[in-house]
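Hi there,

Here is the structure I promised to pass on to you. Have a look at it first, and then read on for my notes.

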Amino acid sequence: MAQDKESAPLLKELLNAKVLAHIGRVAAQVHPAFDQRAYLAMACEGLDELSIMQRMSRAADSLRAHLPADYPRALKAVRRMAPLLPGGFADMVLPEFVGRHGLDHFELSLEALHELTPYSSAEFALRPFIAQDPDAVLAVAARWAEDDNEHVRRLASEGTRPRLPWARRLPLLVAEPQRTRPILEKLKVDPSDYVRRSVANHLNDISKDHPDWVLALLEGWPTQQAETKWIAKHALRNLIKAGHPRALQLVGATLGAKVQLASFEVSPTALRLGQTLQLDATLVSTARQPQRLVIDYAIHYVKKNGDSSRKVFKLRTLELDGQAEVTLSKRQTIADFTTRTHYAGRHQVELLINGLTVAHGHFDLKKPAA
């Protein structure tokens with residue numbers, strides 16, 4: 001059973017007082033005049049009320065207040081701290097320092113982000129520099145896309161994503177996707193899964209505003225290559241779920257699939273939070289030739305106000321031979337977690353083949369027992 005929301009560790013606790021104190025000790029190690037006590041008092045003020053991103057910004061500001069007033073000297077200390085920290089959000093405080101306080105030292109700060117990103121991640125810190133001088137930063141990012149280090153290549157894509165989650169929105173890149181094309185072109189056959197995932201997410205961001213632009217780009221890419229094929233599949237995931245014909249065609253799905261639904265069952269039809277939903281379907285091909293099928297399912301989650309919100313999930317992608325039959329099963333635990341709270345009521349379920357709904361079902365979620 002999923003962990004209760006009350007007992008699950010909060011994301012913000014990844015930057016708790018203990019971690020912040022460790023950052024302070026490392027700062028004092030590289031800069032002996034650093035006032036650890038004053039830094040920690042500032043970093044921890046009102047800590048319980050701060051989100052993870054607010055804690056990261058507060059820690060960066062606290063470092064700035066207690067490192068040398070001269071930014072280049074302070075940055076030198078920050079760069080020396082990176083290999084001494086444990087990684088994760090602790091190390092991300094260092095790029096945040098650069099993003100919040102380094103705009104007046106543009107080239108020096110971008111050089112620092114290049115150095116710091118392998119220790120954690122610098123995509124959030126890059127955004128203020130893009131907002132200040134997009135042409136200059138995009139030119140640098142295009143060079144980063146050819147770097148030997150996969151973390152730097154990923155930063156070139158991730159830092160310039162138009163709709164990067166949790167990050168500052170960049171309206172210019174949302175409106176003009178062609179600005180990041182040189183970066184994406186250089187990464188379209190990248191050998192690193194870490195980098196390719198970022199490229200796919202970058203393109204998925206763009207597809208929300210410019211689907212035809214993304215489709216045209218991918219239609220010109222070598223999607224017969226394994227690396228680029230993977231990028232295309234993941235970049236188009238929302239368009240595929242929506243049944244977009246060009247997107248389906250790009251991943252090889254058969255348009256107008258010839259399939260007969262032999263059975264579709266949603267069970268149990270009544271359950272409580274924490275119990276498992278079972279989906280079973282049997283499909284029979286009515287075609288003579290093999291067909292590539294993208295099979296998904298959607299749940300219409302009941303919202304607090306009684307309306308519903310549709311969420312599409314991947315089930316399976318397969319090649320179905322002519323006249324062949326296939327049986328599919330899926331189990332999903334219905335439990336609350338960080339991004340979804342469930343409410344009692346009737347939840348509609350759909351089975352989709354190549355983006356088209358072919359069957360309906362439902363389950364009733366009961367209120368938790370008193």
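How many bridges join strand β3 to β6, and in which sense do the two strands run? Strand β3 (residues 276–285) and β6 run antiparallel and are joined by 9 bridges. Strands here are DSSP runs of E with at least two residues, helices are DSSP runs of H or I with at least four residues, and both are numbered from the N terminus.

Before going further, please keep in mind that this is a predicted model, in which local features need pLDDT of at least 70 and side-chain atom pairs count only at pLDDT 80 or more, while totals for chains, interfaces and linings use all residues. Residues are numbered from 1 along each chain as its sequence is written, and side-chain values use heavy atoms, with hydrogens and water left out.

How confident is the prediction?

The protein chain has a mean pLDDT of 93 (pLDDT is the predictor's confidence in each residue, from 0 to 100), and 97% of its residues reach 70 or more. Residues 1–8 are a stretch to treat with care: the pLDDT there is below 50, and beyond near neighbours in sequence the stretch has 8 contacts in the model. Contact means heavy atoms within 4.5 Å.

The three-stranded sheet

Back to β3 and β6. They belong to an open sheet of 3 strands, ordered β1-β3-β6, with antiparallel pairing; two strands pair if DSSP finds at least two bridges between them. β1 (259–267) and β6 (325–333) are the edge strands, each pairing on one side only. From one strand to the next, the twist averages 15°. If you would like a place to start looking at the β3 and β6 pairing, L279 stands opposite K330 in β6.

The five-stranded sheet

Another open sheet has 5 strands in the order β2-β8-β7-β4-β5, and its pairing is mixed. Its edge strands are β2 (270–271) and β5 (308–320), each of which pairs on one side only. Starting from the β2 edge, β2 and β8 pair in the parallel sense over 2 bridges, and L271 has L365 as its bridge partner in β8.

Strands β7 (residues 345–353) and β8 (residues 356–365) run antiparallel and are joined by 9 bridges. Several of the pairs are easy to find: V349 is partnered with G361, L352 with T357, and I353 stands opposite L356. These two strands form a hairpin with 2 residues between them, and N354 in the turn has a positive phi of about 50°. On to strand β4 (residues 291–302), which pairs with β7 in the antiparallel sense over 6 bridges; H300 has Q348 as its bridge partner in β7.

Two helix pairs

Two packed helices are described by the angle between their axes and the distance between the axes. Axes are lines fitted to C-alpha atoms, for helices over the stretch in contact, and angles run from 0 to 180 degrees between N-to-C directions.

Helix α7 (residues 123–132) and helix α8 (residues 134–144) pack at an angle of about 130°, with their axes 6 Å apart. α7 and α8 are therefore oblique to each other; angles under 35 degrees count as roughly parallel, over 145 as roughly antiparallel, 65 to 115 as roughly perpendicular and the rest as oblique. The contact involves L126, F129, I130, A131 and Q132 of α7 together with P134, V137 and W144 of α8. These contact residues divide into 7 nonpolar, 1 polar and no charged (Ala, Val, Leu, Ile, Met, Phe, Trp, Tyr, Cys and Pro count as nonpolar, Asp, Glu, Lys and Arg as charged, and the others, Gly among them, as polar).

The axes of helix α12 (residues 193–207) and helix α14 (residues 226–235) come within 8 Å and cross at roughly 40°, which makes α12 oblique to α14. Among the residues making the contact are R196 and L203 of α12 and W230 and H234 of α14. The residues of this contact divide into 6 nonpolar, 3 polar and 4 charged.

Two backbone details

Most residues other than glycine have a negative phi, and most peptide bonds are trans. The peptide bond from S267 to P268 is cis, with omega near -10°, and P268 lies in the loop between β1 and β2. W166 is not a glycine but has a positive phi of about 70°; its place is in the loop between α9 (150–158) and α10 (171–175).

Enjoy exploring it!

Best wishes
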